[in-house]
Amino acid sequence: MEVRIEQSWREALSEEWDKPYFEDLVRFVKAEYATTTVFPPAGKIFAAFNACPFDDVKVVILGQDPYHGPGQANGLCFSVADNIPVPRSLVNIFREIKEDTGAPVPASGNLERWARQGVLLLNATLTVRAHSPGSHQKRGWEQLTDRVVSLLSERREGLVFILWGSFAARKAELIDRSKHMILTSAHPSPLSASRGFFGNHHFTRTNDYLLKQGKTPIEW
C-alpha cells in the first residue's frame with residue numbers, strides 16, 4: 001500500500017503497510033473522513049513524521065488522541081495550529097518549561113518548532129471524530145505507533161522518551177532502558193498536573209541528557 005509519509009518513515013515502517021490490520025485501519029479512516037468530521041485534516045495525519053525524519057529524532061513525547069475540537073489538531077501531539085487558543089494541558093506544559101528553564105511562554109501553541117529540532121510529537125491514535133475523544137482508538141493506530149516506538153528503541157541510541165500519565169507510561173515496556181532515557185510523570189492535564197507534572201524538570205533533564213550524548217539541546 002502506498003502511504004503518503006516522509007520517506008525515511010515509509011521505509012522504516014514498510015513491513016506495516018500491507019498487514020491486514022493496517023489495511024482495515026485505512027478502510028475505517030477513509031470511511032470516517034467521507035461520512036463525518038474527523039481531525040486532524042487528512043493531509044496532516046502523518047504531520048509528526050513529516051516534520052521529524054527517523055534519523056533526526058532526539059526526543060519522543062507521547063500523547064493519546066488528537067484534539068477533537070474544530071481547528072485545534074495539527075497532527076502533532078499537544079500542539080495546535082497558530083491563532084488557536086492554547087489548550088489547558090499545553091498551558092501547563094508552557095508553565096513548567098518557564099519554571100524549569102526560564103524560557104518565556106510563547107504566544108502560539110504550535111509546536112512545529114520542536115519537531116524541526118528533533119522532537120517526535122507522537123499521538124498513539126492519529127485521528128479522532130469531532131467532539132468524540134477516543135472514538136478512533138483500538139482500530140489499529142496503536143499497533144502502528146507502538147511499532148514506531150519499538151523501532152526507535154531498537155535502531156537508535158541515546159533518545160529521550162517523555163511519557164506523561166498512566167497511558168503513556170505503559171509504553172515504557174517497548175523501550176530499551178539500557179540505550180535510552182525514559183522520563184515519566186503525571187499528565188499535564190488540569191486534573192493531574194499538580195500531582196507530579198509541575199516540578200518534574202523534564203525539559204532540563206532532557207537537555208542535560210542530550211548534551212551528554214553529544215547532541216544539540218532543544219530550545220523549548
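Modeller: Helices are DSSP runs of H or I with at least four residues, strands are DSSP runs of E with at least two, and both are numbered from the N terminus. Serine 153 has its place in one of them, helix H6. This is a predicted model: local features need pLDDT of at least 70, side-chain atom pairs count only at pLDDT 80 or more, and totals for chains, interfaces and linings use all residues. Residues are numbered from 1 along each chain as its sequence is written, and side-chain values use heavy atoms, with hydrogens and water left out.

Biologist: Why is serine 153 called buried?

Modeller: Its relative accessible area is 4%. Buried means under 20%, exposed means over 50%, and partly exposed lies in between (1.4 Å probe, protein chains only). The value 4% is under 20%, so serine 153 is buried.

Biologist: What does serine 153 touch, leaving out residues up to four places away in sequence?

Modeller: Phe161, Leu174, Ile175, Asp176, Lys179 and His180. Touching is contact here, which means heavy atoms within 4.5 Å. In addition, a polar atom of the serine 153 side chain lies 2.8 Å from the backbone nitrogen of aspartate 176.

Biologist: Histidine 136 is next. Where is it found?

Modeller: Histidine 136 is in the loop between strand S4 (128-129) and H6. Its relative accessible area is 1%, so it counts as buried.

Biologist: What makes its link to glutamate 32 a polar contact?

Modeller: A polar contact is a pair of N or O atoms within 3.5 Å; within protein, one must be able to donate a hydrogen and the other to accept it, and residues adjacent in sequence count only if both atoms are side-chain atoms. The side chains of histidine 136 and glutamate 32 are joined at 2.8 Å. The side chains of histidine 136 and threonine 127 are joined at 2.7 Å. Both partners also appear among the residues that histidine 136 touches, which include Phe28, Val38 and Trp141.

Biologist: Now the sheet. In what order do its strands stand?

Modeller: The order is S3-S2-S5-S6, with parallel pairing, and the sheet is open. Strand S3 (119-123) and strand S6 (181-185) are at the edges; each has a single partner strand, so one side of each has no neighbour in the sheet. On average, neighbouring strands are turned by 20° against each other, direction ignored.

Biologist: How do you know that S2 and S3 pair?

Modeller: DSSP must find at least two bridges between two strands. S2 and S3 have 5 bridges, in the parallel sense. That meets the rule, so they pair. One bridge sets valine 60 opposite leucine 120 in S3. Strand S5 (residues 160-164) is joined to S6 by 5 bridges as well, running parallel. There, leucine 163 stands opposite threonine 184.

Biologist: Why is S3 called largely enclosed?

Modeller: 5 of the 5 residues of S3 are buried, so the rest of the structure largely encloses it. Val119, Leu121 and Asn123 are on one side, Leu120 and Leu122 on the other. Helix H6 (residues 141-155) lies across S2, S3 and S5, at about 150° to S3. Such angles run from 0 to 180 degrees between N-to-C directions, with axes fitted to C-alpha atoms, for helices over the stretch in contact.

Biologist: What makes a nonpolar core, and which residues touch the most other members of the largest one?

Modeller: A core is a set of buried Ala, Val, Leu, Ile, Met, Phe, Trp, Tyr and Cys residues joined through side-chain atoms within 4.5 Å. The largest has 69 residues, and Trp9, Phe46, Ile61, Ile93, Trp114, Leu120 and Leu152 touch the most other members. Beyond its neighbours within four places, leucine 120 contacts residues including Trp9, Ile61 and Leu152. In soluble globular proteins, nonpolar side chains tend to be buried together.

Biologist: What makes tryptophan 164 and phenylalanine 197 an edge-to-face aromatic pair?

Modeller: Rings of Phe, Tyr and Trp (its six-membered ring) pair if their centres lie within 6.5 Å; planes under 30 degrees apart are stacked, over 60 edge-to-face, and the rest tilted. Here the centres are 5.2 Å apart and the planes are at 90°. Both values fit, so the pair is edge-to-face. Tryptophan 164 is in strand S5, 33 residues from phenylalanine 197. Both are buried.

Biologist: Which other pair can we test against that rule?

Modeller: Phenylalanine 203 and tryptophan 220 are edge-to-face too, with 4.9 Å between centres and 75° between planes. Phenylalanine 203 lies in helix H8 and tryptophan 220 in the segment after H8, so the pair ties together parts 17 residues apart in sequence. One aromatic cluster holds Phe78, Trp114, Trp164, Phe197, Phe198, Phe203 and Trp220.
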